[in-house]
Amino acid sequence: MRHVPRQRYLAHGHVYLGNLLVAMGDVDGGLAELTRARAIYATIAAQDTSNALWRRNLANASRFIGQALLERGDTAAALRELTASRAQLGRLLAASPDNRAMRRDASLAESSLARALLAAGQPADALAAARQAVDLGRG
């Protein structure tokens with residue numbers, strides 16, 4: 001892919017628009033934008049799998065999609081997306097434990113997963129994820 005910086009900015013725009021649409025109640029429109037963003041991030045990340053920033057962008061796109069799916073009421077799909085995001089961010093954080101931005105994103109992923117677990121009727125798992133989010137925040 002040529003012009004990676006331009007493509008990243010385009011993906012960021014899709015994320016912003018997608019999250020705004022979700023906040024305004026157009027969850028399906030928001031999911032379409034977030035899915036576009038993730039596709040761009042996936043293409044970029046595939047070019048250099050060692051680039052942690054690009055992989056972080058991809059993991060966060062999955063988190064945003066999971067949050068939107070939870071907003072739509074699709075708890076099972078939200079759990080899949082959020083679990084994948086948490087796993088991706090966990091691997092990135094393990095490789096760079098002093099990276100504060102990575103730690104923050106991993107904490108946000110845990111918080112989002114906690115909400116989805118609670119919605120799925122798994123309060124004990126939700127509590128564990130929320131506690132993990134706090135622990136990551138203390139980092």
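Glu-33 and Arg-36 both lie in helix α2, where three residues, about one turn of the helix, separate them; helices here, like strands, are DSSP runs numbered from the N terminus, a helix being H or I over at least four residues and a strand E over at least two. The model is a predicted one, in which local features need pLDDT of at least 70 and side-chain atom pairs count only at pLDDT 80 or more, while totals for chains, interfaces and linings use all residues. Residues are numbered from 1 along each chain as its sequence is written, and side-chain values use heavy atoms, with hydrogens and water left out.

Glu-33 forms a salt bridge with Arg-36, and the closest N and O atoms of this pair are 2.9 Å apart; the term salt bridge stands for a side-chain nitrogen of Lys or Arg within 4 Å of a carboxyl oxygen of Asp or Glu. Side chains of opposite charge can pair when their charged atoms come close. The two partners fall into separate accessibility classes, which rest on relative accessible area (buried under 20%, exposed over 50%, partly exposed in between, with a 1.4 Å probe and protein chains only). Glu-33 is buried because its relative accessible area is 12%, whereas Arg-36, with a relative accessible area of 41%, is partly exposed.

The structure holds eight salt bridges, and another of them joins Arg-72 to Asp-28, with the closest N and O atoms 3.0 Å apart. This pair links distant parts of the chain, since Arg-72 belongs to helix α3 and Asp-28 to helix α2 (residues 27-47), with their positions 44 residues apart in the sequence. Arg-72 also has Asp-74 as a salt-bridge partner, and here the closest N and O atoms are 3.7 Å apart. Asp-28, Arg-72 and Asp-74 are thus linked in a network of salt bridges. Within this network, Arg-72 is partly exposed, its relative accessible area being 44%, and Asp-74 likewise counts as partly exposed because its relative accessibility is 28%.

From these charged pairs the description can turn to the way the helices pack. Two packed helices are described by the angle between their axes and the distance between the axes. For this purpose the axes are lines fitted to C-alpha atoms, for helices over the stretch in contact, and the angles run from 0 to 180 degrees between N-to-C directions. The axes of α2 and α3 come within 9 Å and cross at roughly 160 degrees. The two helices α2 and α3 are therefore roughly antiparallel to each other, in a scheme where angles under 35 degrees count as roughly parallel, over 145 as roughly antiparallel, 65 to 115 as roughly perpendicular and the rest as oblique. In passing α3, helix α2 makes a left-handed crossing, a term used if the near helix is turned anticlockwise from the far one by less than a right angle, with right-handed used if it is turned clockwise.

Further along the chain, helix α3 (residues 52-72) and helix α4 (residues 75-95) pack at an angle of about 160 degrees, and their axes are 8 Å apart. That angle makes α3 roughly antiparallel to α4, and the crossing of α3 and α4 is left-handed. For α4 and α5, the axes come within 9 Å and cross at roughly 155 degrees. As a result α4 is roughly antiparallel to α5, and α4 passes α5 in a left-handed crossing.

Individual residues can then be placed on these helices. Ala-61 lies in helix α3 and counts as buried because its relative accessibility is 1%; the C-alpha atoms of Ala-61 and His-14 are 9.9 Å apart in space, although the two residues are 47 residues apart in sequence. Leu-113 lies in helix α5 (residues 100-119) and, at 1% relative accessibility, counts as buried. The C-alpha atoms of Leu-113 and Val-27 are separated by 18 Å, with the residues 86 apart along the chain.

Helix α1 brings the surface into view. Arg-6 lies in helix α1 and counts as exposed because its relative accessibility is 53%. Leu-20 is also found in helix α1 (residues 4-23), but at 35% relative accessibility Leu-20 counts as partly exposed. Together with Tyr-16, Leu-17 and Met-24, Leu-20 forms a nonpolar patch on the surface, with about 440 Å² of accessible area for the four together. Such patches are made of residues with over 30% relative accessible area and no salt bridge, like charges being joined within 9 Å and nonpolar side chains (Val, Leu, Ile, Met, Phe, Trp, Tyr) within 5 Å. The accessible areas come from the Shrake-Rupley method with a 1.4 Å probe, and for residues only the protein chains shown count as cover.
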